[in-house]
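Me: I would like to go through this structure with you before I return to the bench. Could we begin with the surface and then move inward?

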Amino acid sequence: MRLPSSVIFLLLLSLAAGSAHATTIVVARTNNEIVLGADSKVTDTFGNDLNRRACKILRVGNLFLAFEGLEIDRKTGFSVPELSTTALNFRPSGPVSEKISILTGFLVTELMAELSHLKTHEPETYFRKIEGGQLFLRLIVAGFEKERPLVFVRSFRALQYNPGQIGVSVIPDDCLEKCEGAVVTRFLGESDAIDGLPEETPDFWKAGLSNGVRRLIETEIAARSEYVGPPIDIVRITKSGFQWIERKPECAEINNRQKPPARPGMN
């Protein structure tokens with residue numbers, strides 16, 4: 001799919017991450033299964049605990065998504081979950097790669113308007129969480145297509161071309177096929193305590209992917225409880241379907257989501 005010419009869409013493959021955000025999301029993939037897990041804690045833009053729990057894993061058809069960062073802005077109506085649902089249903093029969101392209105295009109277009117609004121009306125938020133090339137939004141999309149496990153990761157950062165022009169840089173980090181390692185992982189959000197842990201721990205995955213993903217998120221919760229908190233939601237995906245290993249009661253209807261915060265939420 002060709003993106004609109006008005007969309008400034010740059011693929012930057014080797015930029016370092018900016019500041020970390022609250023939330024820990026972990027995906028682990030083998031040739032036969034994908035396990036996606038997320039914590040539940042919700043903080044505001046500045047890292048303050050909102051004393052609420054979020055359903056951070058979203059199902060759209062046979063795909064599962066998880067987000068961290070600038071997810072919802074009630075003032076403007078910007079909503080990554082709603083945009084993702086619309087984009088992934090735009091061509092239901094299309095290949096997953098095309099759906100991801102559509103999703104990326106939708107997000108880039110809406111993010112340029114959202115970032116301009118934030119810079120004008122929420123300058124402190126923009127300075128703290130957006131400006132300076134920080135990664136302000138990251139998402140994972142996972143699922144099977146023709147018995148192949150697919151994991152797509154997209155990270156977003158703002159580019160300031162001049163005082164009146166904000167662009168959006170998109171950084172992919174996918175695992176589609178011939179990925180290095182028997183178990184491939186991607187971590188979003190807080191991950192300092194778990195970076196390298198599976199590789200440094202003998203037989204880390206011996207008890208299975210689901211137990212390993214749970215252990216990783218529990219480790220990060222223990223290390224950064226001010227930003228990451230229980231309960232943990234975990235879904236296992238195979239070529240035959242999916243199974244919720246753990247899920248909060250309020251997430252039984254996965255599309256019923258919590259009321260967004262008054263300020264742009266940075267889960």
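Reply: Accessible areas here come from the Shrake-Rupley method with a 1.4 Å probe. Please keep in mind that this is a predicted model.

Me: How much area does the protein chain expose, and what share do carbon and sulfur atoms supply?

Reply: The exposed area of the protein chain is about 12,200 Å², and carbon and sulfur atoms supply 49% of it.

Me: What percentage of the residues count as buried?

Reply: The protein chain has 267 residues, of which 53% count as buried.

Me: And how many helices and strands are there?

Reply: There are five helices and 15 strands in the protein chain. As for contacts with a separation of 6 or more, 65% of them come from residues 24 or more positions apart.

Me: Let us turn to the cysteines. How many disulfides does a search of the whole structure find?

Reply: The search finds two disulfides. One of them links C55 with C251, at an S to S distance of 1.9 Å. The other links C175 with C179, with 2.0 Å from S to S.

Me: What is the pairing if the bonded cysteines are numbered in sequence order?

Reply: In that numbering the pairing is 1-4, 2-3.

Me: Which parts does the disulfide of C55 and C251 tie together?

Reply: C55 sits in the loop between β5 (49-53) and β6 (57-60), while C251 sits in the loop between β14 (241-246) and β15 (265-266), so the pair connects parts that are 196 residues apart in sequence. Both cysteines, C55 and C251, are buried.

Me: Is that link left-handed or right-handed, and why?

Reply: The disulfide of C55 and C251 is left-handed, because the torsion about its S-S bond is about -95°. By comparison, the link of C175 and C179 has 125° about the S-S bond and is right-handed.

Me: Is C175 buried or exposed?

Reply: C175 has a relative accessible area of 1%, and buried means under 20%, so C175 is buried.

Me: New topic: the backbone. Where is there a cis peptide bond?

Reply: A cis peptide bond joins P230 and P231, with omega at about -5°. P231 belongs to the loop between α5 (209-223) and β13 (233-238).

Me: Which residues have a positive phi although they are not glycines?

Reply: E147 has a positive phi of about 65°, and D203 has one of about 55°. Neither E147 nor D203 is a glycine.

Me: Where do E147 and D203 lie?

Reply: E147 is in the loop between β9 (135-145) and β10 (148-162). D203 is in the loop between α4 (197-200) and α5.

Me: Are E147 and D203 buried or exposed?

Reply: Relative accessibility is 56% for E147, so E147 counts as exposed. D203 has 59% and therefore also counts as exposed.

Me: Now the strands. What is the order in the open sheet of five strands?

Reply: The order is β12-β2-β3-β13-β14, and the pairing is antiparallel. β12 (184-189) and β14 are the edge strands, each pairing on one side only. On average, neighbouring strands of this sheet are turned by 15° against each other, with direction ignored.

Me: How many bridges join β2 to β12?

Reply: Six bridges join β2 (residues 24-29) to β12, and the two strands run antiparallel. R29 stands opposite V184 of β12.

Me: Which strands does α5 lie across?

Reply: α5 lies across β2, β3 (33-38), β12, β13 and β14, and runs at about 155° to β2.

Me: Let us pick one residue of β2. What can you say about I25?

Reply: I25 is in strand β2. Its relative accessibility is 0%, so I25 counts as buried. Apart from neighbours within four places in sequence, I25 has contacts that include L36, A66, F67, I140 and F187. The C-alpha atoms of I25 and I232 are separated by 9.7 Å, although these residues are 207 apart along the chain.

Me: And T185, on the β12 side: is this residue buried or exposed?

Reply: T185, a residue of strand β12, has 17% relative accessibility and so counts as buried. Not counting residues up to four places away in sequence, T185 touches V27, A28, E199 and W205.

Conventions. Residues numbered from 1 in each chain as written. Predicted model: local features only at pLDDT ≥ 70, side-chain atom pairs only at ≥ 80, totals over all residues. Heavy atoms only, no water. Disulfide = S-S within 2.5 Å. Helix = DSSP H or I, 4+ residues; strand = E, 2+ residues; numbered from the N terminus. Buried < 20%, exposed > 50% of the residue type's maximum accessible area, 1.4 Å probe, protein only. Pairing = 2+ DSSP bridges. Axes fitted to C-alpha atoms, helices over the stretch in contact; angles between N-to-C directions. Contact = heavy atoms within 4.5 Å.
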